[in-house]
Every structure is written in structure tokens, then in C-alpha cells.
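Good morning, and thank you for coming. I should like to take you through one structure, beginning with a pocket and ending with the nonpolar core.

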Amino acid sequence: MAQTSAAHHRAARSKIAPHPGDTHGATTHQPLGGRSLRGFTGTGYDKGRSLPVQAAWFAVLHLLFATWWFPARWRPALLRAFGARVGHRVLIRRGVRIHWPWKLDIGDDVWIGEDAWILNLEPVTIGHDCCVSQGALLCTGSHRRRSATFEFDNGPIRLEAGSWVAARAVVLRGVTVAVGAVVGAGAVAHRDLAPGEVLTVGGAAVTNASLPTVSAKGTTA
């Protein structure tokens, strides 16, 4: 009787379809929506430096650069040591993360606020007299949504002179924020902004609003 019951139990289990996450079903896994992240190749993305240099930067970033106690006046020097172009009188607050310094170009008299994140898989250029406020994100990375293996679709970001990326705002890959333009607090810039344009959270935009006068020496109101 016990043998018959056990045999019946094994037969019942054999009819149950394997769970999508089961190990034994991994070789026959069919990705939903035709996407297979397993096949991702990273084609077209050049990190720009050797693995030892990358590792050295990440160590410096987390142990020194982003810490609260590290003197702000030394942060530009650290960036330059890893290949960044940084102008004069650049203020970088604590908690700022910069992915690759050698893909960063900062002009004179720039402010970068606490916890801002410059995710520069591709070059980021910040013109003179720009402000990147607290918690802002400049994200040069993206993916091709129609790619079966979700390959990169990265692009550079450019902040022109006198522009402002306000607190917790996001600038996406390939975007230029033109002279004197503003990405308002919490807004997402997914397209180029015209000179003096102000982009708000609701998507509303005002063009040529309070456009500053920009000269070779700096920006004036």
C-alpha cells in the first residue's frame, strides 16, 4: 500500500510544469517579450581607462572624494589627477558621485551640490557659472528598448554657461541644457532645452525667461 501511494505521488509530481525560476529549466528559458538580458554584450561602450585605473578611481571616490570630511578644495585636484578637466573656483560638496572623471569637463565657477550623481558613461560637459543642485542626476546611459539583448543607447550631456539643474532634477542622455536654461526641481529633461527655457515637473516650459547675460568672464543677472 505504501509503495502504491509513493508511486502515485511521484507520478503526480511529474505532471507539474517546472517553475520559470527552476534551475533545471534554465537551458530552455524563453524570455518574456522577446528580451534576453543574458545575451547583453555592451557593444559601443568604451570605459576609457584600464581596469586598474577604474578600480583606483572607485577606491578614491568612496574612501575620500565623496566623504563629508574630505576638504572641498581638494576635490577638483583629485578629479584632475584622474583625467578630468576642471576650471577655477569649482565647488563640489560631499556625497557627489562621478562615474568616470576622464569623461568630465567642468568650466570655471561651477557649483555641484550634495549627493549629485554624474553618471557619465559618455562625456559630460558643464559650462562656466553652472549650478547642479542637491540630489540631481546627469545620466548619460540608456538602453535600446527594441534590442533583444537590451544593448546600450548612451549619449553625452552638455550644460551650457549659466544653466541650472535644480534639486533632484534629472537630465537624460543626449540632452543639451542651453545657456541660462533651468531644469526645475524634480523635473526630467528628456530633450534639449532652449536658451533661457525653464522646465518644470509638470512639463510646462517658459522660454527666454530671465535669461542671464553671459560673457567670457562669467554670468551676470
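Which residues line the largest pocket? Please keep in mind throughout that this is a predicted model. The lining consists of Arg89, Asp109, Trp111, Asp129, Cys130, Cys131, Gly162, Ser163, Trp164 and Val182. Sorted by class, five of these lining residues are nonpolar, two are polar and three are charged. The volume of this pocket is about 180 Å³.

Let me turn to the aromatic rings. How many aromatic pairs does the structure hold? There are eight. One of them joins Phe58 and Trp100, whose ring centres are 5.3 Å apart, with 55° between the planes, and this pair is classed as tilted. Phe58 belongs to helix 2, residues 51–65, while Trp100 sits in the loop between strand 3 (97–98) and strand 4 (104–106), so the contact ties together parts that are 42 residues apart in sequence. Are these two partners buried or exposed? Phe58 is partly exposed, at a relative accessible area of 31%. Trp100, by contrast, is buried, with a value of 2%.

A further pair is formed by Phe70 and Trp74. Their ring centres lie 5.8 Å apart and their planes meet at 70°; because planes over 60 degrees apart count as edge-to-face, this pair is given that name. Here Phe70 is buried, with a relative accessible area of 9%, whereas Trp74 is partly exposed, at 45%.

Aromatic residues also gather in a cluster, made up of Phe40, Tyr45 and Phe152. In addition, a charged residue meets a ring: Arg97 lies over the face of Trp117, at 3.9 Å from the ring centre.

I come finally to the largest nonpolar core. Which of its 48 residues touch the most other members? They are Trp57, Ile112 and Ile126. Several elements give two or more residues to this core. Among the helices, these are helix 2 and helix 3, the latter spanning 75–81. The strands on that list are strand 4, strand 6 (117–119), strand 7 (124–126), strand 9 (137–139), strand 10 (157–159) and strand 12 (170–171). Which element gives the most? That is helix 2, with four residues.

When you look at the model again, I suggest starting from helix 2: it carries Phe58, the partner of Trp100, and it gives the most residues to the largest core. Thank you for your attention.

Definitions and conventions. Residues are numbered from 1 along each chain as its sequence is written. This is a predicted model: local features need pLDDT of at least 70, side-chain atom pairs count only at pLDDT 80 or more; totals for chains, interfaces and linings use all residues. Side-chain values use heavy atoms; hydrogens and water are left out. On a 1 Å grid over the protein atoms alone, a cavity is a set of points where a 1.4 Å probe fits but cannot get out, and a pocket is an open set with protein on both sides within 12 Å along at least five of seven lines; lining residues have an atom within 4 Å of a point. Grid points are joined across faces, edges and corners, and a volume is the space filled by probe spheres set on the points. Ala, Val, Leu, Ile, Met, Phe, Trp, Tyr, Cys and Pro count as nonpolar, Asp, Glu, Lys and Arg as charged, and the others, Gly among them, as polar. Rings of Phe, Tyr and Trp (its six-membered ring) pair if their centres lie within 6.5 Å; planes under 30 degrees apart count as stacked, over 60 as edge-to-face and the rest as tilted. Buried means under 20% relative accessible area, exposed over 50%, partly exposed in between (1.4 Å probe, protein chains only). A charge sits over a ring if NZ of Lys or CZ of Arg is within 6 Å of the ring centre and within 35 degrees of the ring normal. A nonpolar core is a set of buried Ala, Val, Leu, Ile, Met, Phe, Trp, Tyr and Cys residues joined through side-chain atoms within 4.5 Å.
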